[in-house]
Every structure is written in C-alpha cells, then in structure tokens.
Amino acid sequence: MALKLYGGARSRASIVQWYLEELGIPYEFVLLDMQSGEHLQPEYLKINPVGKVPAIVDGDFQLWESGAILVYLANKYGNAGKSPEEQATLVQWVLFANATFGPGIFIESNRDRELGRLMKPLNQIFTTHPFLLGQEFTVADVAVGSMLAYSQIMLNLDLGEYPAVVEYIKRIGDRPAFQKTLGSLSQ
C-alpha cells in the first residue's frame, strides 16, 4: 500500500509533497476540501484528531504535523544522518523552520524585529556552501527552504540585502521536485 498524504489546496502538505518527490517515494495525495470541512469529518479525525493538515498514513502508521512528518520521512526513506548528532542537527533545522523562522517572518508584528536577525546568519551560511548543511541537499533544506519560498510567494519580501539567501531560493526553486510541488503555488 502506497503512503497517503492528506492535505488541502495551498497548505503545508505541499512541503511534505516536495520532500516525497525529492525522495522518489510513491505516494497518493488525498486532497481534502477544507472549505466544506472534510478535515473535520470523523474519518479524517481518526488520522488527525486536531483536524489539521498535513497528515500521512504509511501502512499502519499515522502521523501529523509537517515537521514531524519530514523527520519521519528522512529517518525512514532519506538520509537522516548516521550519528545522533547528525540526526539532531536535521531536527534542529526542521524545528527552526516551524517554530522560529515561520513565526518570525509570517507574523507581521514580529517581522521588523526578526527579519534581519534570522536572515543574516542564513545569508552567511549560504555564502560558504550551497545548502544548509554543506554540499548535500537534505530535509533541513526542505523545511527552511519552503519557508523562504513561501516568504516570496505570500509576502514578496525584499531580500536584496541578503544576496546569498536570494541565490539559495533560486537554487532550490530550480529543483524539479520543487517545481512540481511548491513551484505551482507561485503561478
């Protein structure tokens, strides 16, 4: 049985979908009609009692929250690192994307205070290597890269002050898996 990814149109499910495409994992995308409340129906609430998307069903295993799903997929199907330290570093970036970067950029009252504080270190990282953890694209890039991409799609932030970040956004945006998933959101 193929992995099932549940999501709504223009939801964080596209982040998980991007990573599934990067990994080349077969999956079925189950589009829930959020407007009509499909995500609040008893069938879906058995998968995610909170009634949010995304969620996955992988065999008998069910999981929700985009960051948790990314970490699970990296551990099961991707390259989550061999040591506990490597694994923790990946989790650190996934949590950073969801708990620090997202709220810092997308909550308007935080943006002026947080934008430079968050972008300057990212810009420094991308001046020294193409991806967050070096030469290799990882789940950390999906987590942080999706937030950066969303910042351009939804907020159209001027990031000219951070040229390495702008180049990174272009680099990940050129990836075929990105184009197939998140890239379609900007059209």
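Here is a short chat about a predicted model and the terms used for its parts.

Visitor: Why is Ser14 called buried?

Guide: Buried means under 20% relative accessible area. Ser14 has 10%, so the word fits. You'll find Ser14 in helix H1.

Visitor: What makes the pairing of Ser14 and Tyr150 a polar contact?

Guide: The cut-off is a pair of N or O atoms within 3.5 Å, one able to donate a hydrogen and the other to accept it. The side chains of Ser14 and Tyr150 come to 2.6 Å, so they make the grade. Leaving aside neighbours within four places in sequence, Ser14 is also in contact with Thr181, Leu182 and Leu185.

Visitor: What makes a set of residues like Phe101, Met119, Leu122, Leu132 and Val165 part of a nonpolar core?

Guide: Such a core takes buried residues of kinds including Phe, Met, Leu and Val, joined through side-chain atoms within 4.5 Å. Those five belong to the largest core, which has 55 residues, and they touch the most other members. Helix H6 gives the largest share, nine residues. At least three residues come from each of domain 1 (3–77) and domain 2 (84–185). Apart from this core lies another, of eight residues, including Val30 and Leu32.

Visitor: Which residues of helix H3 are buried?

Guide: In H3 (residues 66–76) they are Ser66, Gly67, Ile69, Leu70, Tyr72, Leu73 and Ala74.

Visitor: And what covers the buried residues of H3?

Guide: Among the elements doing so are strand S1 (3–7), helix H1 (13–23), helix H4 (84–106) and helix H6 (139–155).

Definitions and conventions
Residues are numbered from 1 along each chain as its sequence is written. This is a predicted model: local features need pLDDT of at least 70, side-chain atom pairs count only at pLDDT 80 or more; totals for chains, interfaces and linings use all residues. Side-chain values use heavy atoms; hydrogens and water are left out. Buried means under 20% relative accessible area, exposed over 50%, partly exposed in between (1.4 Å probe, protein chains only). Helices (H or I, at least four residues) and strands (E, at least two) are DSSP runs, numbered from the N terminus. Contact means heavy atoms within 4.5 Å. Domain bounds come from an automatic or database domain assignment.
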